[in-house]
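User: I'm new to this one and would like a guided tour. Could you show me how to read its features, one at a time?

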Amino acid sequence: MFKSSRTTRSDEERDTGWDAWGTWSDCSRTCGGGASYSLRRCLNGGNCEGRNIRYRTCSNTDCPPESGDFRAQQCSAHNDIKYQGQTYEWIPVTYDPISPCALRCQARGKSLVVELAPKVLDGTRCKADSLDMCISGICQEVGCDRQLGSNAKEDNCGVCAGDGSTCRLVRGQALPHVSPEERRYTQA
């Protein structure tokens with residue numbers, strides 16, 4: 001579990017005219033990686049340079065498998081709400097490169113695909129095989145260290161921010177404990 005987090009560039013921008021940063025909000029999720037924010041107030045009547053909000057990652061422990069997919073939970077929350085006079089069982093649409101942070105869902109067993117919300121909840125993964133997360137409707141980069149704005153990647157040995165020196169390639173030998181599909185998701 002990672003307790004410390006890196007924040008976005010907003011805290012590196014000029015601080016002239018700003019009040020101190022406020023306390024961090026509760027995390028948007030209890031597991032699986034979420035976002036927390038801190039606000040500050042402009043003391044110059046609105047003429048401050050920089051941002052009034054900053055974000056960090058939080059709750060980076062994996063969710064138990066039975067908790068299900070976070071995007072799927074958001075889609076299913078609309079199951080009781082009528083859409084064009086009818087209720088549907090909604091399932092998430094696979095990754096949409098144009099709007100990865102919109103809540104696009106499909107009616108189960110139908111071709112009907114609908115944007116049920118312009119933004120998913122903070123902490124929702126931009127796509128299934130990535131740690132990058134949506135914050136305020138924008139896909140933000142998250143490294144393998146689970147830190148916001150980090151570009152840390154796993155090396156060929158599966159070590160986060162490693163240099164590839166902790167393993168060796170063995171040719172002609174099957175490694176039964178790691179399937180090719182699992183290996184694809186654990187290497188950068």
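User: Let me start with a sulfur link: which handedness does the link of Cys 101 and Cys 134 have?

Analyst: First, the ground rules. This is a predicted model, where local features need pLDDT of at least 70 and side-chain atom pairs count only at pLDDT 80 or more, while totals for chains, interfaces and linings use all residues. Residues are numbered from 1 along each chain as its sequence is written, and side-chain values use heavy atoms, with hydrogens and water left out.

Now the general idea: a disulfide is a covalent bond between the sulfur atoms of two cysteines. Here a pair counts when the sulfur atoms are within 2.5 Å. For Cys 101 and Cys 134 the sulfurs are 2.1 Å apart, and with -90° about the S-S bond the link is left-handed. Cys 101 lies in the loop between β3 (90-92) and β4, and Cys 134 in strand β6 (residues 133-135), so the disulfide ties together parts that are 33 residues apart in sequence. Those labels come from DSSP runs, numbered from the N terminus: helices are H or I with at least four residues, strands E with at least two.

User: How many disulfides does a search of the whole structure find?

Analyst: Eight. One of them joins Cys 27 to Cys 58, S to S 2.1 Å, and this link is right-handed, with 90° about the S-S bond. Cys 27 sits in the segment before β1 (34-39) and Cys 58 in strand β2 (residues 53-58), 31 residues apart.

User: Are Cys 27 and Cys 58 buried or exposed?

Analyst: Check the relative accessible area: under 20% is buried, over 50% exposed, and in between partly exposed (1.4 Å probe, protein chains only). Cys 27 has 26%, so Cys 27 is partly exposed. Cys 58 has 12% and counts as buried.

User: What about Cys 75 and Cys 105?

Analyst: They form a disulfide too, with sulfur atoms 2.0 Å apart. The torsion about their S-S bond is about -80°, so this disulfide is left-handed. The pair links helix α1 (residues 70-76), home of Cys 75, to strand β4, home of Cys 105, 30 residues apart. Cys 75 and Cys 105 are both buried.

User: Which residues have the most contacts inside the largest nonpolar core?

Analyst: In soluble globular proteins, nonpolar side chains tend to be buried together. A nonpolar core means buried Ala, Val, Leu, Ile, Met, Phe, Trp, Tyr and Cys residues joined through side-chain atoms within 4.5 Å. The largest one here has 13 residues, and Trp 90, Leu 103, Cys 105 and Leu 116 have the most contacts inside it. Strands β4 (103-107) and β5 (113-117) each supply at least two residues of this core. Another core, of six residues, lies apart from it, and Met 133, Ile 135, Val 142 and Leu 148 are among its members.

User: How many aromatic pairs does the structure hold?

Analyst: Two. Rings of Phe, Tyr and Trp (its six-membered ring) pair if their centres lie within 6.5 Å; planes under 30 degrees apart are stacked, over 60 edge-to-face, and the rest tilted. The rings of Tyr 83 and Trp 90 have centres 5.9 Å apart and planes at 85°, so they're edge-to-face. Tyr 88 and Trp 90 make a tilted pair, 5.2 Å centre to centre with 55° between the planes. Ring pairs thus link Tyr 83, Tyr 88 and Trp 90 into a cluster. Trp 90 is buried at 3%, whereas Tyr 83, at 24%, is partly exposed.
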